[in-house]
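Reader: I should be grateful for a close look at one part of this structure, the side-chain pairings that join separate stretches of the chain. Please treat the charged pairs, the aromatic pairs and one helix in turn.

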Amino acid sequence: MRAVFNPLAAGATILAWIVTLLFAGTVQARSLPDFSPLVEKLSPAVVNISTSHKAPAGGPRFPGLDGPEGEDPGVDDFSEFLRRFWGHRFQIPEQERQSMGSGFLVSQDGYVLTNYHVVKDADEIIVRLSDRRELVARLVGGDTRSDIALLKLEGKNFPFAKTGNSEQLRVGAWVLAIGSPFGFDHSVTAGIVSAKGRSLPNENYVPFIQTDVAINPGNSGGPLFDLDGRVVGINSQIYTRGGGSIGLSFAIPVEVALEVVQQLKERGSVERGWLGVQIQEVNRDLAESFGLHKPMGALVAQVFDNTPAAAAGLREGDVILDFDGHEIQWSADLPHVVGRTRPGKTVPVQVMRERKKITLPVEVGLLPEDGNDKPSAPVKKKEKPLPLGLGVEDLPEELAGRWELDGGVLVTQVREGPAAAAGVQRGDVLTMIDGHAIRDSAHFAKLVAGLEKGRALPIRVVRRGRPFFSSLRVEDG
């Protein structure tokens, strides 16, 4: 029997297909998240940050003037050239440099989180709120390795963002960024989490969150939100070939940022754990040779002398598989977990040695200031108490002359205590306490010994040449 073509039936079938496709597309569109309520709720906590600082002598370059081997000459070279013709009357005026970034309020009393590179070396930090208020911020402290800075605004009842848990964030989850790319305040972009625990070159202590959210210059320091409206990361870096966003953005996990903030509040600086080893990745052939069923762990290529690793008995050729309960899948995982371990803590470390798994107790050391694995003694658990939690030394003549100071002491160390609570940082100069001018370190110790307990006392601090007063309360006992 020959089939008879029925155009009406065919048309009805095609129409049904079209309706089905349109309905499916509508359902799919409706399943995508609507970010509007989140943006309206979260935007007041996001701020624009602008900074300015005077360019140091010899810092600025004169474009278009080629020096030896194609390099631009510095101010010192060029000014010397001009002085030959104009004499010593010629002077290069100071130039003011400006930078811009983003940040967000994390407390009602005015604490702001941002990237350290946004505010580093700034003479003045201006924070602009969503209601267009512009406030001068004080830098509480900053950490170069994590690129986190904590700022403080004077005032109260600020809108603030709540923090979430990036460890519970799933790859593929939707995330939202609010910031000031190229100075356009409160720009909103969205995307998904591309990966977690990413290590970047020269960034050993941050397990970055990778996203495809559009991040551009000016977004640095801004928050990355989950769909519950909680901050899960701080947008920090992008991978780009042309200077713009290509869908490879990296955020600092909020847990890392909060640990840094806590230490900045307590002591004005950040301490990280340290082993003192050089490590490398384990490939398939190495895994087989060490008796591993798959490539994993961190292979110890070198153990430095007089380090925590040497004291614990770690050897070259050991493969670190687990550190304090954290499985080490990739060698880059190890610096992350070691750096976040409190110096002085003894932790179990599982290694593969001679095709057998053994566990060693390791007392974690303190990462050296320069961040290199140089030999150093493990951190001591008991430290000598410091007056007010401060280590000080006599004010260097060069610094006194530069800042026109007649006396004072240079702060070389800040531990948890009254001074840290008052916002004193390493590198500050204390010139007055409780109305008494400080002559030198011996005089400072004498004045501190006679301070009245339990009362708020004024202290005068000079930070990068700028004086200000803060209140300090001496603890009882």
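Author: The account below takes up the salt bridges, then the aromatic rings, and then one helix.

The model is a predicted one. The structure contains nine salt bridges. As general background, side chains of opposite charge can pair when their charged atoms come close.

One of these salt bridges joins the side chains of arginine 353 and aspartate 318, at 2.7 Å from N to O. Arginine 353 belongs to strand β19 (residues 346-353), while aspartate 318 sits in the loop between α7 (308-312) and β17 (319-323), so the pair ties together parts that are 35 residues apart in sequence. Both partners are shielded: arginine 353 is buried, at a relative accessible area of 14%, and aspartate 318 is buried, at 1%.

Another salt bridge is formed by the side chains of lysine 345 and aspartate 324, at 3.4 Å from N to O. Lysine 345 is found in the loop between α8 (333-339) and β19, and aspartate 324 in the loop between β17 and β18 (326-327), so this pair ties together parts that are 21 residues apart in sequence. Here lysine 345 counts as partly exposed, with 31% relative accessibility, and aspartate 324 counts as partly exposed, with 25%.

The side chains of aspartate 428 and arginine 463 also meet in a salt bridge, at 2.8 Å from N to O. This pair links distant parts of the chain, 35 residues apart: aspartate 428 is in the loop between α10 (418-421) and β24, and arginine 463 is in strand β26 (residues 456-463). Aspartate 428 is buried, with a relative accessible area of 2%, and arginine 463 is buried as well, with 8%. Elsewhere, Arg128, Glu134 and Asp185 are linked in a network of salt bridges.

Turning to the rings, a search of the whole structure finds two aromatic pairs. The centres of the phenylalanine 35 and tryptophan 174 rings are 5.9 Å apart and their planes stand at 65°, so the pair is edge-to-face. Phenylalanine 35 lies in the loop between α1 (7-31) and α2 (36-42), and tryptophan 174 in strand β8 (residues 174-179), so the pair ties together parts that are 139 residues apart in sequence. Phenylalanine 35 counts as buried at 16% relative accessibility, whereas tryptophan 174 is partly exposed at 32%.

For phenylalanine 208 and phenylalanine 250, the ring centres are 6.3 Å apart and the planes are at 75°, so this pair is likewise edge-to-face. It links distant parts of the chain, with phenylalanine 208 in strand β10 (residues 203-211) and phenylalanine 250 in strand β13 (residues 249-253), 42 residues apart. Phenylalanine 208 counts as buried at 1% relative accessibility, and phenylalanine 250 counts as buried at 9%.

Tyrosine 111 has lysine 152 over its face, at 5.4 Å from the ring centre, and lysine 265 over its face, at 4.2 Å from the ring centre.

Finally, helix α11 (residues 441-449) has His443, Phe444, Leu447 and Val448 buried. Viewed down the axis of α11, the buried residues fall within an arc of 135°, so they line one face of the helix. These buried residues pack against β22 (390-394), β23 (409-414), β24 (429-433) and β25 (436-437). On the other side of α11, Ala442, Lys446 and Ala449 are exposed. At the start of α11, a side-chain oxygen of aspartate 440 reaches to within 3.3 Å of the backbone nitrogen of alanine 442.

Terms used
Residues are numbered from 1 along each chain as its sequence is written. This is a predicted model: local features need pLDDT of at least 70, side-chain atom pairs count only at pLDDT 80 or more; totals for chains, interfaces and linings use all residues. Side-chain values use heavy atoms; hydrogens and water are left out. Buried means under 20% relative accessible area, exposed over 50%, partly exposed in between (1.4 Å probe, protein chains only). Helices (H or I, at least four residues) and strands (E, at least two) are DSSP runs, numbered from the N terminus. The arc is that of the directions from the helix axis to the C-beta atoms. Contact means heavy atoms within 4.5 Å. A polar contact is a pair of N or O atoms within 3.5 Å; within protein, one must be able to donate a hydrogen and the other to accept it, and residues adjacent in sequence count only if both atoms are side-chain atoms. A salt bridge is a side-chain nitrogen of Lys or Arg within 4 Å of a carboxyl oxygen of Asp or Glu. Rings of Phe, Tyr and Trp (its six-membered ring) pair if their centres lie within 6.5 Å; planes under 30 degrees apart count as stacked, over 60 as edge-to-face and the rest as tilted. A charge sits over a ring if NZ of Lys or CZ of Arg is within 6 Å of the ring centre and within 35 degrees of the ring normal.
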